[in-house]
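The following explanation proceeds from the overall organisation of a protein to the surroundings of a single residue.

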Amino acid sequence: PKKFCLAILGQDIHTQQDACEFFQSLYSQLEDSLKGKPQEGSLRLLSGTTEGDITCSNGHISRKEEAFSSLGVDIKGRNSLIDALKSYVTGETIDNYACEQCKAEVPATKRNWVQTVGDTLVIQLKRFDYDLVRMMKRKLYNAVTFPQELDLRPFCSQHSPLLTDGFKYELSGIIVHVGVS
């Protein structure tokens, strides 16, 4: 594995990373090394896009599409992957959003939606929170349940091809990090 890590990741095997950091690093290196080659499209099997929108209180919408190799969802206060995904699309309120069309700071709602996905979906549970009292990062230990089959349609944007085609995933693996953060 040492030669593989040095060749692919450009780093020593003794560099400490959690599973998601390793995956992101590996994906990034593969993306760079396959750029411009016939195999470049094969990374679409592992990637997708999200659509983020911010809607101001006057109804103006700003949209942005972003690529991902793993979909990160917050789990603080949630006990299931479905709850975390519902929260992901429900969004959050922004009190003083600088709306370019209004030319003023107004309340707004920020949401994310799944737009496209690959054949394999990697979901990262965001297990860290920032404690504002102690001014430090802390790990979240709440249990999170996973469905055996995941239908992404309820979490897709209205522009997503997944709404008509449908896309279901069967759970095939879970990685749990044990140790210090």
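Residues 24 or more positions apart account for 54% of those contacts (heavy atoms within 4.5 Å) in the protein that have a separation of 6 or more. This is a predicted model, in which local features need pLDDT of at least 70, side-chain atom pairs count only at pLDDT 80 or more, and totals for chains, interfaces and linings use all residues. Residues are numbered from 1 along each chain as its sequence is written, and side-chain values use heavy atoms, with hydrogens and water left out.

Four helices and 10 strands form the secondary structure (DSSP runs numbered from the N terminus: H or I of at least four residues for helices, E of at least two for strands). Their order from the N terminus is α-α-β-β-β-α-β-β-β-β-β-β-α-β.

The mean pLDDT, the predictor's confidence in each residue from 0 to 100, is 84, and 87% of the residues reach 70 or more. Confidence is lowest in helix 1 (residues 2-9), with a mean of 63, and highest in strand 4 (residues 92-99), at 94. Where pLDDT is low, the predicted coordinates should not be read in detail.

The accessible surface of the protein is about 12,100 Å² (Shrake-Rupley method, 1.4 Å probe; for residues, only the protein chains shown count as cover). Carbon and sulfur atoms contribute 52% of this surface. Of the 181 residues, 31% are buried (under 20% relative accessible area, 1.4 Å probe, protein chains only).

Serine 69 lies in the loop between strand 2 (61-68) and strand 3 (71-74). Serine 69 is buried, with a relative accessible area of 7%. Leaving aside residues up to four places away in sequence, Serine 69 touches Phe23, Gln24, Tyr27, Leu46, Ser47 and Val122.

Definitions and conventions
Buried means under 20% relative accessible area, exposed over 50%, partly exposed in between (1.4 Å probe, protein chains only).
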